[in-house]
Amino acid sequence: MKVIEVGRAGTDANDRDADLLRRELKEKDLFLINLMSAAGSGKTTLLSRTITDLRGKASIGVMEADLASDVDAAAIEALGAASIQVHTGGCCHMDAVMTREALEAFDAGEARILFLENVGNLLCPAEYDTGAHLKVMILSLPEGDDKPLKYPLMFRESDALVITKMDAAPYFDFDLEAAKRRAKALNPKIEIFPVSAKTGEGMEAWENWLLTAWERWREDA
Amino acid sequence: MHELGVVTHVIRTLEEVAQENDVTKIGSVTLTVGEVSGIVTEQIIDCWNWFKKKTPLVCEAELKIEPVPAVTWCTACEQTYETVKYGKTCPHCGSKETYLLQGSEFAIKEIEAE
Ligand SMILES: Nc1nc2c(ncn2[C@@H]2O[C@H](COP(=O)(O)OP(=O)(O)OP(=O)(O)O)[C@@H](O)[C@H]2O)c(=O)[nH]1
Ligand SMILES: [Mg+2]
Ligand SMILES: [Zn+2]
């Protein structure tokens, strides 16, 4: 027996699958966004509002990953947007192979921006590259401003942080400045958008950033 | 279960390593697993033993786990402490402005092969 030093991350094979998928999607002009958060943070609600607000400016499709149910896909379809429910078969995160399979089964129609609503969990979705061009995470106000300290990887990996349920601020002792400071300490480039998908507060800034990121990506050769 | 997906990725990476090194049978695999990597040692061993039977390359391979202790750094008093024991509050000064230094890693360290 001989010993072979490997020294590779457990996610090494996935990282290469993800890079390949990212390039293929670029050729098809499909902009994929990996949306991550804890369960119940408001992913589906944020997407529903964004789809409605951007009607006429961007056509958005959604892939809803869930352990088993399909209520989220039904909610998106009710808005007239393309959606598909992806069952992860008990797995708590999406990886590049699962994303590829979901895309193959997905009739995206006119949609050029595709959101992947990842499984509700702040841990492992951060470790698995899905092949997305952009990573967005949600932190909802009731979860607390200390989450960057508890789940640093998710904050480090994300391009944008949407802080949702801002309308609930009077009922919680969430310190917005502390949350921002902690997120920025982990990731100085992260863009932060406090919003309420219920009242619409802050939605425009988030949506404008999304459109700008999409345009920039399209111009990139 | 998280470990299910993890094991499939490890095996795929091992298949690539084997090809690069002209290896057809792996005798053992050593993984480094951080204390707060979210990976449960017993579960990953269970998943390994179940999955390996389906892959000739690793069907006889033993899985060895090398744990990595979790250590947190306090930005206020600039000292380290054991993450699992004290969580996010620094036991030296009580600050909560603390960050994980190590313990979240998950990697394939080495293999033994014929
Ligand atoms: N007050 C308030 N409630 C919200 C807001 N956004 C979402 N919610 C509520 O939070 C709950 C969960 O929202 P969802 O959008 O289903 O959350 P999710 O992240 O998609 O949940 P899972 O897919 O189950 O992980 C629902 O009852 C929403 O109505 C908001 O901005 N303000
Ligand atoms: Mg949802
Ligand atoms: Zn301290």
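**Metal sites, chain interface and salt bridges**

In this predicted model, C77(B) has a relative accessible area of 24% and is therefore classed as partly exposed, since that class covers values between the 20% limit for buried residues and the 50% limit for exposed ones. C93(B), with a relative accessible area of 42%, also counts as partly exposed. Both cysteines belong to the site of the zinc ion (ligand 3), whose protein donors are the SG atoms of C74(B), C77(B), C90(B) and C93(B), placed 2.3 to 2.4 Å from the ion. The angles subtended by these four donor atoms run from 105 to 114°, and the arrangement is tetrahedral because of them. For comparison, the ideal angle for four tetrahedral donors is 109.5 degrees. Along the chain, the donors of the zinc ion (ligand 3) follow the spacing C-x2-C-x12-C-x2-C. Distant parts of the chain are linked in this way by C77(B), in the loop between β3 (71–74) and β4 (80–82) of chain B, and C93(B), in the loop between α3 (83–86) and β5 (98–102) of chain B, the two being 16 residues apart.

The magnesium ion (ligand 2) is held by donors from chain A, namely T44(A) through OG1, D72(A) through OD and E117(A) through OE, at 2.1 to 2.3 Å. The spacing of these donor residues in sequence is T-x27-D-x44-E. Of these donors, D72(A) lies in helix α3 (residues 71–77) of chain A and E117(A) in strand β5 (residues 113–117) of chain A, so that the pair links distant parts of the chain, 45 residues apart. Both D72(A) and E117(A) are buried.

The contact between the two chains draws on 29 residues from chain B and 31 residues from chain A. About 2,700 Å² is buried between chain B and chain A, and carbon and sulfur atoms account for 54% of that area. Between chain B and chain A, 13 residue pairs are in polar contact, and six salt bridges are found across the interface. One of the salt bridges joins the side chains of K88(B) and D146(A), with N and O 3.4 Å apart. On the side of chain B that touches chain A, the elements giving two or more residues are α1 (2–20), β5 and β6 (106–113) of chain B. Of these, α1(B) gives the most, with 10 residues.

A salt bridge is also formed by R182(A) and E97(B), whose closest N and O atoms are 3.2 Å apart. Because R182(A) lies in helix α7 (residues 176–186) of chain A and E97(B) in the loop between α3 and β5 of chain B, this pair joins two chains. R182(A) counts as buried at 10% relative accessibility, whereas E97(B), with a relative accessible area of 22%, is partly exposed. A network of salt bridges links R8(A), D12(A) and R16(A) with E16(B) and E20(B).

Over all chains, the count of salt bridges comes to 20. Among them is the pair R22(A) and D19(A), in which the closest N and O atoms are 2.6 Å apart. These two residues both lie in helix α1 (residues 12–27) of chain A, where they are three residues apart, about one turn of the helix. D19(A) is partly exposed, its relative accessible area being 35%. A further salt bridge is formed by R112(A) and D29(A), with 3.8 Å between the closest N and O atoms. R112(A) lies in the loop between α4 (96–105) and β5 of chain A and D29(A) in the loop between α1 and β2 (31–36) of chain A, so this salt bridge ties together parts that are 83 residues apart in sequence. Partly exposed status applies to R112(A), with a relative accessible area of 29%, and to D29(A), with 24%.

Within chain A, S158(A) is located in the loop between α6 (152–157) and β7 (160–164). With a relative accessibility of 3%, S158(A) counts as buried, and its side chain reaches the backbone oxygen of M154(A) at 2.8 Å. When residues up to four places away in sequence are not counted, S158(A) touches M36(A), K135(A), V136(A), M137(A), N187(A) and I190(A).

Terms used: Residues are numbered from 1 along each chain as its sequence is written. Chains are lettered from A and ligands numbered from 1 in the order in which they are written. This is a predicted model: local features need pLDDT of at least 70, side-chain atom pairs count only at pLDDT 80 or more; totals for chains, interfaces and linings use all residues. Side-chain values use heavy atoms; hydrogens and water are left out. Donors are N, O and S atoms within 2.8 Å of the metal (3.2 Å for Na, K and Ca); water is not among the atoms, so sites may look incomplete. Four donors count as tetrahedral if all angles lie between 85 and 135 degrees; four count as square planar and six as octahedral if opposite donors are over 155 degrees apart and all others between 65 and 115; anything else is irregular. Helices (H or I, at least four residues) and strands (E, at least two) are DSSP runs, numbered from the N terminus. Buried means under 20% relative accessible area, exposed over 50%, partly exposed in between (1.4 Å probe, protein chains only). Contact means heavy atoms within 4.5 Å. Buried area is the accessible area (1.4 Å probe) that two parts lose on being put together, summed over both. A salt bridge is a side-chain nitrogen of Lys or Arg within 4 Å of a carboxyl oxygen of Asp or Glu. A polar contact is a pair of N or O atoms within 3.5 Å; within protein, one must be able to donate a hydrogen and the other to accept it, and residues adjacent in sequence count only if both atoms are side-chain atoms.
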